[in-house]
Amino acid sequence: MRELLLKADKEKRSIFKITVLVLLFFGANLFLSFATDTYLTFADGFSNAAEDMLLRNGRPVIALIYWLHSLSGLSGITFYFISSGLSLLFLGISVWLYQKLLGRYGLSENLRILLAFASIANIYIIEYFLFIEKCGFMLAVLLNVIAVWCVCASFTAQNPPLPPILSSLFRAILAMTFAVFTYQGTVALFVILSIPFAFYHAKNFKQYVRNLAFIGVCYAIPVLLAFVAFKTVFSGTRLQTEFHLLANLKEFFGGLWVCNMETFDILPHFAFLLLVSLVFLAAVVSTRNSEKNAHFKMLNLFVLFASACVFSAATILQGSGWWAPRTVYPLASVVGVLTINTLVNHRSSPGAAALAHTAKVLSVAAVATLLVVQYFGFHKLYIDKYKLNALDENRCYYVGQAIAEYEATSGIEVRKIAFYADAESAVPTYPNLYSHSGDLICSSFNQDWSDLNALNYYLGDNYSRAEPSETYRTYFAGRNWDALSAQQLIFDGDTLHLCIY
């Protein structure tokens, strides 16, 4: 009984530590904020958004979540807070499960929590938390971790009969199938998180290849099912079938360098690349000073590193993806997983214990440093996101006030709005905010699916979109503003011609 109580206390302590980490890094994101897609979802309704998620995006699980919410009759803002709470819960469970798995390999509680969190809640996960369907993204991450548990069950069995192996693999394939139909961009996480255990449970090269084959099957079958679904059921363009090898390879290698160097400005430039290099070098040192099979361990190291790059950017190699944090999210797990691989698989020989120990300490220090810098990078994004939402809201009210004054003086009711651009659109839209191009921080006025919807949301109206006039298009294109100005609004009858600077 006493042992059970002690075990329960340890479990509570682990859960508490993980909860603190999750809230520390993502708690500030609980407050209401808008991505450009959020305005469209609120305007079209969750039923239509569910149809779009299903047919265009090929994400039936998120579509089901949207559809169930539409049946509830609850508001969009209510869904935002439900989604935010569930996303934290799913992330916490993911980290807890993975650190439990690491506990089987002799890692201390604090160390395995640190490494599990760094591997799963890596720097690129932040973009998932900036969309309203964040609960779906985190559910996909959780399904990946569950699949890692299942495939590891097939590694740990000693000469098992065939049914248990098939059963473990079936559960892993099932989990990954749900993951790929929840959000496709997460599925490489399963491969990366699994590879250290594939090596650990391989007594020889043949078993290692077999374990990698198990991982490959659990990855390939769900991806092929998604491919077939896009070809036969879904009508979206998320998956391209034309393949241009040279162009895709050029985009892959060029983007991989820029991605790791700039990290979409989440971290200071070169910070992530420096930490990856340090962890990789420490892994090489510990490999060369290990007890045995140094060449075998070096091979596994390169398999792990190559898998993190190739599988994470598979859509770019295939030609249907683009470089964004959400599309290459598993790539940033490489720092944590390389460190896990070093600690689990590189046992030091007696004569080289000091050097190998130093390499492992440096790896852990690099992970801890990454998390500290990541913390400040995340909160910079949160703050700038809230600032941008407030500035967009103020801009909408400015337009609304101008419309009210025009209607009062002219007696004409404005019902249509046409949008234009000046000579050079500013990025960021507002000064001193996060400035990297992409969807992390994007003004509602910079996308045609959110500009009008944001105005209607904040002004509580139902304006329709008017076709731009060539006369006004030419007029606005000849000017260049850096701030909001009354000259950007021209009223013509029941139409407002609005220039977005």
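Start by selecting D451 and R465: in this predicted model, their side chains meet in a salt bridge, 2.6 Å from N to O. D451 sits in helix α17 (residues 451-459) and R465 in strand β2 (residues 464-465), so the bridge ties together parts that are 14 residues apart in sequence. Now colour by accessibility. D451 counts as buried, at 5% relative accessibility, while R465 is partly exposed at 41%.

Next, pick E127 and R326. Here is another salt bridge, with 2.7 Å between N and O. E127 is in the loop between α6 and α7, and R326 is in the loop between α14 (314-318) and α15 (334-345), so this pair joins parts that are 199 residues apart in sequence. Are these two buried or exposed? Both E127 and R326 are buried.

For one more pair, go to E109 and R13, whose closest N and O atoms are 3.3 Å apart in a salt bridge. E109 belongs to helix α6 (residues 109-120) and R13 to helix α1 (residues 2-26), with their positions 96 residues apart in the chain. E109 is buried at 13% relative accessibility, but R13 is partly exposed at 39%. Add K17 to your selection, and you have a network of salt bridges linking R13, K17 and E109. The structure holds eleven salt bridges.

Time to look inside. The largest nonpolar core has 161 residues, and the ones touching the most other members are F26, L91, Y98, I266 and L498. Which helix gives the most to this core? That's helix α7 (residues 134-156), with 15 residues. Zoom in on Y98: leaving aside neighbours within four places in sequence, its contacts include W149, F197 and I340.

Now jump to F234, in the loop between α10 (205-232) and α11 (245-262). F234 is buried, at 8% relative accessible area. Among the residues in contact with F234 are L54, L55, P60 and F181. Try a distance too: from the C-alpha of F234 to that of A483 is 42 Å, and the two are 249 residues apart along the chain.

Cysteines next. How many disulfides does a search of the whole structure find? Zero. Select C259 to check: the nearest cysteine sulfur belongs to C309 and is 9.3 Å away. C259 is buried at 4% relative accessibility, and C135 is buried too, at 3%.

Finish on the surface. Select L74, I82, L86, L89 and I93, which make a nonpolar patch of about 380 Å². I93 lies in helix α5 (residues 76-102) and is partly exposed, at 31% relative accessibility.

Methods
Residues are numbered from 1 along each chain as its sequence is written. This is a predicted model: local features need pLDDT of at least 70, side-chain atom pairs count only at pLDDT 80 or more; totals for chains, interfaces and linings use all residues. Side-chain values use heavy atoms; hydrogens and water are left out. Patches are made of residues with over 30% relative accessible area and no salt bridge: like charges are joined within 9 Å, nonpolar side chains (Val, Leu, Ile, Met, Phe, Trp, Tyr) within 5 Å. Accessible areas come from the Shrake-Rupley method with a 1.4 Å probe; for residues, only the protein chains shown count as cover. A salt bridge is a side-chain nitrogen of Lys or Arg within 4 Å of a carboxyl oxygen of Asp or Glu. Helices (H or I, at least four residues) and strands (E, at least two) are DSSP runs, numbered from the N terminus. Buried means under 20% relative accessible area, exposed over 50%, partly exposed in between (1.4 Å probe, protein chains only). A nonpolar core is a set of buried Ala, Val, Leu, Ile, Met, Phe, Trp, Tyr and Cys residues joined through side-chain atoms within 4.5 Å. Contact means heavy atoms within 4.5 Å. A disulfide is a pair of cysteine sulfur atoms within 2.5 Å.
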